[in-house]
Amino acid sequence: MFPNSPNVGRPPFSPALLSQQQIINALNFRNASFSGTILTGVITPRPSVVWPLNSACPTYSPGLPNNVGRKRRSDERTSPYEVKRQRFQSPPSRPSGSSVPFVVDRRYSVQSPGISSLLPLTDHPQNTLQVARDKLSQQVLDLFCNCQQQSIDLEKKDLCRTQIQREIQRIFPLSKLTRRYYQNFGLFFLTKKSWCGVEFDLNVNNVVGIRNTFLLRSYAYIESRVRPLVLVVKKWARYHGINDASRGTLSSYSLVLMVLHYLQTLPEPVIPSLQKEYPECFEPTMQLQFVHRRGSNITPYLSLNSSNLGDLLVGFLRYYATEFDWNNSIISIREAKVIPKTNEMEWKNKYICVEEPFDRTNTARAVHEKCKFDMIKKEFLQSWHKLKDKRDLFSILPAAATTECGGR
């Protein structure tokens with residue numbers, strides 16, 4: 001099929017998976033991080049690293065002002081979610097052979113030099129989550145804290161990534177894997193495959209994916225309310241069956257862009273357009289090896305909008321249920337506004353139009369049936385009515401639906 005391939009004549013690819021005992025032994029290093037030799041796959045534990053705690057999840061305290069918080073004591077069980085607890089501390093791990101090398105993660109509660117050294121993200125001291133003063137905001141915060149990734153998850157993914165890279169390089173010696181958010185692997189992806197007990201996606205040569213990952217990571221860094229709001233919206237959409245592009249509904253990426261667009265277009269914006277504020281950091285033609293290095297000048301955005309998470313969630317549902325003009329509008333976080341729909345092929349006769357901020361394609365093109373479009377609008381409208389009346393997250397997202405915190 002590929003006559004010029006250097007692999008002609010080689011035996012068919014049959015991955016040699018790690019044995020069950022190897023995986024169990026490796027995962028027993030709960031406090032160690034793993035570094036693998038790419039070509040041999042030899043995995044050796046590094047000394048354990050203990051990181052200082054930064055800030056616990058704010059708890060519901062109606063009598064306290066927004067800027068006053070306290071840490072949750074171990075004997076307090078105010079969260080209704082019986083799932084893994086918040087754990088922001090994870091050992092640093094250097095992504096071997098990354099196409100886009102990232103600096104080792106540092107989790108100190110001091111002023112950050114910029115997002116180029118943040119993977120995963122850390123909160124800026126001026127931009128930490130405020131104490132929740134109402135029930136709905138506290139429920140959103142609890143869900144966000146419960147779904148924080150633990151070090152054992154990172155260890156599994158490091159082990160999985162090392163094995164995948166070794167097997168791929170047997171056929172494509174010059175290939176490299178690059179991480180995305182430490183929760184996904186980039187440049188090479190399989191859809192919903194499980195290896196070493198880890199579910200992941202695998203893409204091939206997804207250059208735009210590297211650029212938009214850096215953009216989304218930047219939005220999450222400049223405003224602390226972005227991540228909790230995105231998480232609860234994705235949980236809500238998945239529960240109601242409108243978060244699956246393979247079934248003609250919205251992809252997770254489209255939902256994230258919809259959340260960012262809503263936050264940008266409020267009368268007092270929560271976030272700006274980073275592509276307008278920092279065009280040099282998000283140049284679409286920038287070479288990939290420089291993408292992660294251009295974030296040193298990006299600083300947290302000090303918004304005058306002090307809305308809590310509960311109000312923002314209700315407002316998000318209201319905006320797309322009653323205010324947004326689906327027939328004539330394109331969602332654009334690049335412009336931080338609604339763009340009029342044109343007769344171009346990308347937008348013509350499309351039910352939902354969400355602009356990809358780099359290649360300007362429609363990320364919601366999977367919604368091509370009117371029945372699916374009507375279902376999406378119906379869920380927005382019904383959930384908005386329930387949430388505005390009851391101000392209870394469980395009215396639109398039952399507790400049982402929040403216990404699975406894996407995935408993207």
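When I call a residue buried, I mean that its relative accessible area is under 20%. Keep that cut-off in mind, because Cys281 comes in at 2% and is therefore buried. One more thing before we look around: what you see above is a predicted model.

Okay, the overall picture. The protein chain has 408 residues, and 51% of them are buried. You'll find 10 helices and 8 strands in there. The chain exposes about 20,000 Å², with carbon and sulfur atoms supplying 53% of that area. Now take the contacts between residues at least 6 apart in sequence: 69% of those join residues at least 24 apart.

Back to cysteines for a second. We've met Cys281, and Cys353 counts as buried too, because its relative accessibility is 1%. How many disulfides turn up in the whole structure? The search finds 0.

Next, the inside. The largest nonpolar core is made of 67 residues. If you want to know who has the most contacts inside that core, the list is Val232, Met258, Leu263, Phe282, Phe316, Tyr320 and Ile352. Several helices chip in at least two residues each: α2 (135-146), α4 (207-222), α5 (226-239), α6 (252-264), α9 (309-323) and α10. Which helix gives this core its largest share? That's α6, with 9 residues.

Let's pick out Met258 from that list. Skipping neighbours within four places in sequence, Met258 is in contact with Leu250, Phe316, Tyr320, Trp326, Ile331, Val354 and Phe380. Phe316 and Tyr320 may sound familiar, since both were on the list of residues with the most contacts inside the core.

Now for Leu257, which sits in helix α6. Is Leu257 buried or exposed? Its relative accessible area is 1%, so Leu257 is buried. Not counting residues up to four places away, Leu257 touches Leu216, Ile331, Ile333, Val354, Glu355, Pro357 and Thr363. Pro357 is a fun one: Leu257 and Pro357 are 100 residues apart along the chain, yet their C-alpha atoms are separated by 9.1 Å.

Glu355 was on that list as well, and I'd like to spend a minute on it. You'll find Glu355 in the loop between β8 (337-340) and α10 (370-390). It's a loop residue, but at 5% relative accessibility Glu355 counts as buried. What does the side chain of Glu355 make a polar contact with? The partner is the side chain of Ser332, at 2.7 Å. Apart from neighbours within four places in sequence, Glu355 is in contact with Leu257, Ile330, Ile331, Ser332, Arg334, Ile339, Trp347, Arg360, Thr361 and Thr363.

Let's stay in that loop, since Arg360 lies there too. Arg360 has a relative accessible area of 48%, so it is partly exposed. Its phi is near 60 degrees, which is a positive value in a residue other than glycine. Asn349 also has its place in the loop between β8 and α10, and phi of Asn349 is likewise near 60 degrees. Asn349 is exposed, because its relative accessible area is 68%.

For another loop, go to the stretch between α5 and α6, where Arg247 has its place. With a relative accessible area of 60%, Arg247 is exposed. Arg247 and Lys372 are 125 residues apart along the chain, and 8.8 Å separates their C-alpha atoms.

Last stop: two helices, with a quick length check. Helix α3 covers residues 151-171, which is 21 residues, and at 1.5 Å a residue it should span 30 Å. The C-alpha atoms at its ends are 31 Å apart, so the numbers agree. As for cover, 18 of the 21 residues of α3 are buried, and that makes the helix mostly covered.

Then α4. Its 16 residues should span 22 Å at 1.5 Å a residue, and the end C-alpha atoms are 24 Å apart, so that agrees too. Why say α4 is largely enclosed by the rest of the structure? Because 14 of its 16 residues are buried.

While we're on helices, a general reminder for when you look at the picture. An α-helix has 3.6 residues a turn, so residues three or four places apart point the same way.

That's my tour, thanks for listening.

Key: Residues are numbered from 1 along each chain as its sequence is written. This is a predicted model: local features need pLDDT of at least 70, side-chain atom pairs count only at pLDDT 80 or more; totals for chains, interfaces and linings use all residues. Side-chain values use heavy atoms; hydrogens and water are left out. Helices (H or I, at least four residues) and strands (E, at least two) are DSSP runs, numbered from the N terminus. Buried means under 20% relative accessible area, exposed over 50%, partly exposed in between (1.4 Å probe, protein chains only). A polar contact is a pair of N or O atoms within 3.5 Å; within protein, one must be able to donate a hydrogen and the other to accept it, and residues adjacent in sequence count only if both atoms are side-chain atoms. Contact means heavy atoms within 4.5 Å. Accessible areas come from the Shrake-Rupley method with a 1.4 Å probe; for residues, only the protein chains shown count as cover. A nonpolar core is a set of buried Ala, Val, Leu, Ile, Met, Phe, Trp, Tyr and Cys residues joined through side-chain atoms within 4.5 Å. The expected span of a helix is 1.5 Å times one less than its number of residues. A disulfide is a pair of cysteine sulfur atoms within 2.5 Å.
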